[in-house]
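Biologist: I have not looked at this one before. Can you walk me through it?
Modeller: Yes, go ahead and ask.

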Amino acid sequence: MKINKYEDISQIDKEAKKDYIDRHSAFVHCEDSATKGERFKVKIKVGDEYAHPDDFDHYIAYVQLWNGETFLAQANFEAGTLGSIAGHVEVDFHIVPSKKMKLTAMAYCTKHGLWQSNEVVVEVSE
């Protein structure tokens, strides 16, 4: 399966391409440091500027959180989760880190496939 990756949309000329890339891309939002053994919140949001459709045949089916190659969590969605109107899928995951993390998110669109976020590095202290 092809994995699509986010491109900096400020460098793209065509509005339609900006819309397409942004509304499918997952974004990791969290602090850049955590304390070992303490609960740490990671928000994943699909789309930044542009909303994604929530139609019966075109919606975000799941969002995953990864630390490097280690799968951490997944949230699944059905069509209509956002009230059948375009919106931003958002998920908060709470994890307990033990060492430095390299977090990425994956979002799966039922029409346009798998999309991967940029990596976010989180330093973990004692």
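Biologist: Where is K45 placed?
Modeller: K45 is in strand 4. Keep in mind that this is a predicted model.

Biologist: Is K45 buried or exposed?
Modeller: K45 is buried. K45 has no salt bridge, though.

Biologist: Which side chain of opposite charge is nearest to K45, and how far away is it?
Modeller: That is E90, at 4.5 Å. A salt bridge needs the side-chain nitrogen within 4 Å of a carboxyl oxygen, so the pair K45 and E90 does not count as one.

Biologist: What is K45 in contact with, leaving aside neighbours within four places in sequence?
Modeller: One group is S25, A26, F27 and H29, and the other is H88, V89 and E90.

Biologist: Next, the sheet with strand 4. What is the strand order?
Modeller: The order is 2-4-7, in an open sheet of 3 strands with antiparallel pairing. Strand 2 (26-29) and strand 7 (90-95) are the edge strands, each pairing on one side only. On average, neighbouring strands in this sheet are turned by 25° against each other, direction ignored.

Biologist: How many bridges join strand 2 to strand 4?
Modeller: There are 4 bridges, and the two strands run antiparallel. Strand 4 covers residues 40-46. As one example, V28 has I44 in strand 4 as its bridge partner.

Biologist: Changing topic: how many disulfides are there?
Modeller: A search of the whole structure gives 0.

Biologist: And C30 and C109, buried or exposed?
Modeller: C109 is buried, with a relative accessible area of 0%. C30 is partly exposed, at 25%.

Biologist: Now T35. Where is that?
Modeller: T35 is in strand 3, which spans residues 33-35. T35 counts as partly exposed because its relative accessible area is 28%, and the partly exposed class lies between 20% and 50%.

Biologist: What does T35 contact, leaving aside neighbours within four places in sequence?
Modeller: T35 is in contact with P97, V124, S125 and E126. T35 and E126 are 91 residues apart along the chain, yet their C-alpha atoms are separated by 5.9 Å.

Biologist: Which way do strand 3 and strand 10 run, parallel or antiparallel?
Modeller: They run parallel, joined by 3 bridges. Strand 10 covers residues 120-125. S33 stands opposite E123 in that strand.

Biologist: What about strand 8 and strand 10?
Modeller: Strand 8 (residues 101-109) runs antiparallel to strand 10, with 3 bridges joining the two. The bridge partner of K102 in strand 10 is V121.

Note on methods
Residues numbered from 1 in each chain as written. Predicted model: local features only at pLDDT ≥ 70, side-chain atom pairs only at ≥ 80, totals over all residues. Heavy atoms only, no water. Pairing = 2+ DSSP bridges. Axes fitted to C-alpha atoms, helices over the stretch in contact; angles between N-to-C directions. Disulfide = S-S within 2.5 Å. Buried < 20%, exposed > 50% of the residue type's maximum accessible area, 1.4 Å probe, protein only. Contact = heavy atoms within 4.5 Å. Lys, Arg positive; Asp, Glu negative; His and termini not counted.
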